[in-house]
Amino acid sequence: MKIKNLKLKSVSLFTRLLQLAAFTVLLGRAWQHLYWDAPFRAFLWDEKLLSGLVEQFSTMDWETYITSMEVDNAIGNSIKVFGVFYLLSAILVLFIHKLPRFFHHFLLLSSFALISLALLYCKERFFSIGQFFEYTLQFGSPFFLWWWIRQENPITILPTFILVLKIAIAFTFTCHGLYAIGYYPGPVQFMEMTMNILGINEELAKTFLTTAGILDFAVAIGIFLPWKWARFFLLYAVLWGFGTTIARVWA
């Protein structure tokens, strides 16, 4: 009975952690879409992709389309609609066990929306594939929760589930590291943020970011080691992820 109760407690804790992950991602994206911006225009203002469609299905030429305040307002409103969707999805995550199973499918819709957002960021960064996969943990969070709660006995899928989670972590940290070491051009604001927070010059900031990138790669490999070693890499991943999140606010 003690072993059974321990398993039940572990499943409950794991479920709550998955809920927390999905909730924070969706709430963050809701805040972004409702109060800031999202890269919808990276697609909707792409002349090569859309000029023909715009001129065929509307009365506007391309120049009129991209300078139209009505179009721009419509794009802005569509961003806010997605913000409301993310907010409702975040609230749904908190009460997912009290809702009929039909509502579980909204978790999949949330993951699909986050995948679409990651694709938009990828396009905005000139189709850098690393930009897309850097968001693996974000767009995977609602899906992981959906996968877990749909199981009659989640313990039976735990080894496979943990492996998939580790792969998602590895993708996220590897791609983050590619930007840190300069494989992909890093955003200028990251360099400025590092310099401002740490009070160092540009050369030291580059060294710091390169070191952080190497440690990102170490995490991507280390989490697949036996648990007695992997736990240290996972702890670093949590601390580093928390640190980079706070840094954005702090800067």
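I began with K206, which at 39% relative accessibility counts as partly exposed, and I note at the outset that I am working from a predicted model. Its partner E202 also counts as partly exposed, at 43% relative accessibility. The side chains of E202 and K206 meet in a salt bridge, with an N to O distance of 3.7 Å, and I place both residues in helix α11 (residues 202-222), 4 residues apart, which is about one turn of the helix.

I then turned to the salt bridges that share partners, which join D37, R41 and D72 into one network.

Within this network I looked up R41 and D37, whose salt bridge has its closest N and O atoms 3.3 Å apart. D72 and R41 likewise meet through their side chains in a salt bridge, at 3.0 Å from N to O. I see that this pair links distant parts of the chain, since D72 sits in helix α5 (residues 69-94) and R41 in helix α2 (residues 41-44), 31 residues apart. For the acidic partners I recorded D37 as partly exposed at 40% relative accessibility, and D72 as partly exposed with a relative accessible area of 21%.

A search of the whole structure returned 4 salt bridges.

My last entry concerns F171, which I found in helix α9 (residues 158-180). Leaving aside residues up to four places away in sequence, F171 touches F133 and T136. The C-alpha atoms of F171 and F133 are separated by 6.0 Å, although the two residues are 38 residues apart along the chain. Is F171 buried, partly exposed or exposed? I noted F171 as partly exposed, with a relative accessible area of 38%.

Technical notes: Residues numbered from 1 in each chain as written. Predicted model: local features only at pLDDT ≥ 70, side-chain atom pairs only at ≥ 80, totals over all residues. Heavy atoms only, no water. Helix = DSSP H or I, 4+ residues; strand = E, 2+ residues; numbered from the N terminus. Buried < 20%, exposed > 50% of the residue type's maximum accessible area, 1.4 Å probe, protein only. Contact = heavy atoms within 4.5 Å.
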